[in-house]
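Please open the model in a viewer and keep the sequence panel visible. The tour below proposes a series of selections and describes what each one shows.

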Amino acid sequence: MKQVKCEMNTVVANIFLEAVHEEVIPVNVNTGMEWKEPNGETMIDMLLEFDESDETIINQALNKAVNDSIELFQTKPES
């Protein structure tokens with residue numbers, strides 16, 4: 001079992017977690033502390049646990065979450 005500790009924007013984390021549940025991605029996700037960055041964005045600590053044989057699937061889901069969040073930020077109306 002491989003463990004990866006990471007920090008990510010909560011928007012990316014929420015998109016990733018939604019994909020994990022909808023697509024039944026084989027990963028255990030433990031969330032930790034949330035905090036605000038100076039730019040106002042909220043970040044979260046995460047621990048991902050998965051079999052090394054599933055690493056490609058996990059990476060693809062993370063990449064998709066990042067790309068989807070970029071699209072979301074680009075279409076977000078300015079305040």
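Select cysteine 6 first, together with methionine 46, its bridge partner in β3. The model on display is a predicted one. Methionine 46 also serves as a reference on the other side, since threonine 31 stands opposite this residue of β3.

**The sheet**

Now display the strands β1, β3 and β2, which form an open sheet of 3 strands in that order, with antiparallel pairing. β1 and β2 stand at the edges with a single partner strand each, so one side of each has no neighbour in the sheet. On average, neighbouring strands are turned by 15° against each other, direction ignored.

Select β1 with β3: these strands run antiparallel and are joined by 8 bridges. Next select β2 with β3, where the antiparallel pairing extends over 7 bridges. Follow the chain from β2 into β3 to find a hairpin with 5 residues between the two strands. In its turn, glycine 40 has a positive phi of about 95°.

How many of the residues of β3 are buried? Colour this strand by accessibility: 8 of its 9 residues are buried, so β3 is largely enclosed by the rest of the structure.

**Asparagine 9**

Move to asparagine 9, which belongs to strand β1 (residues 2–9). Across the sheet, methionine 43 in β3 stands opposite asparagine 9. Is asparagine 9 buried or exposed? Asparagine 9 has a relative accessible area of 13%, and because the limit for a buried residue is under 20%, asparagine 9 counts as buried.

Show the side chains here. That of asparagine 9 makes a polar contact with the side chain of glutamate 41, at 3.2 Å. Leaving aside neighbours within four places in sequence, the contacts of asparagine 9 are Glu41, Thr42, Met43 and Phe73.

**The nonpolar core**

Next, select Met8, Phe16, Ile25, Val27, Leu48 and Ile58. These residues have the most contacts inside the largest nonpolar core, which has 16 residues. Three elements, α1 (10–22), β3 (42–50) and α2 (55–75), each supply at least two residues of this core. The greatest share comes from α1, with 5 residues.

Centre the view on leucine 48. Not counting residues up to four places away in sequence, leucine 48 touches Lys2, Gln3, Val4, Cys6, Phe16, Val27, Asn28, Val29, Ile58 and Leu62. Then display α2 as a ribbon: this helix lies across β1 and β3, and runs at about 160° to β3.

**Valine 24**

For a contrasting position, select valine 24, in the loop between α1 and β2 (28–36). With a relative accessible area of 67%, valine 24 is exposed. The phi of valine 24 is near 50°, a positive value in a residue other than glycine.

**The whole chain**

Finally, zoom out to the whole protein chain, which comprises 2 helices and 3 strands. Read along the sequence, these follow the pattern β-α-β-β-α. The C-alpha trace spans about 45 × 25 × 15 Å along its principal axes. Of the 79 residues, 30% count as buried. The accessible surface comes to about 5,500 Å², and 49% of it belongs to carbon and sulfur atoms. Among the contacts with a separation of 6 or more, 62% are between residues 24 or more positions apart.

How values were computed: Residues are numbered from 1 along each chain as its sequence is written. This is a predicted model: local features need pLDDT of at least 70, side-chain atom pairs count only at pLDDT 80 or more; totals for chains, interfaces and linings use all residues. Side-chain values use heavy atoms; hydrogens and water are left out. A nonpolar core is a set of buried Ala, Val, Leu, Ile, Met, Phe, Trp, Tyr and Cys residues joined through side-chain atoms within 4.5 Å. Buried means under 20% relative accessible area, exposed over 50%, partly exposed in between (1.4 Å probe, protein chains only). Helices (H or I, at least four residues) and strands (E, at least two) are DSSP runs, numbered from the N terminus. Contact means heavy atoms within 4.5 Å. A polar contact is a pair of N or O atoms within 3.5 Å; within protein, one must be able to donate a hydrogen and the other to accept it, and residues adjacent in sequence count only if both atoms are side-chain atoms. Two strands pair if DSSP finds at least two bridges between them. Axes are lines fitted to C-alpha atoms, for helices over the stretch in contact, and angles run from 0 to 180 degrees between N-to-C directions. Accessible areas come from the Shrake-Rupley method with a 1.4 Å probe; for residues, only the protein chains shown count as cover.
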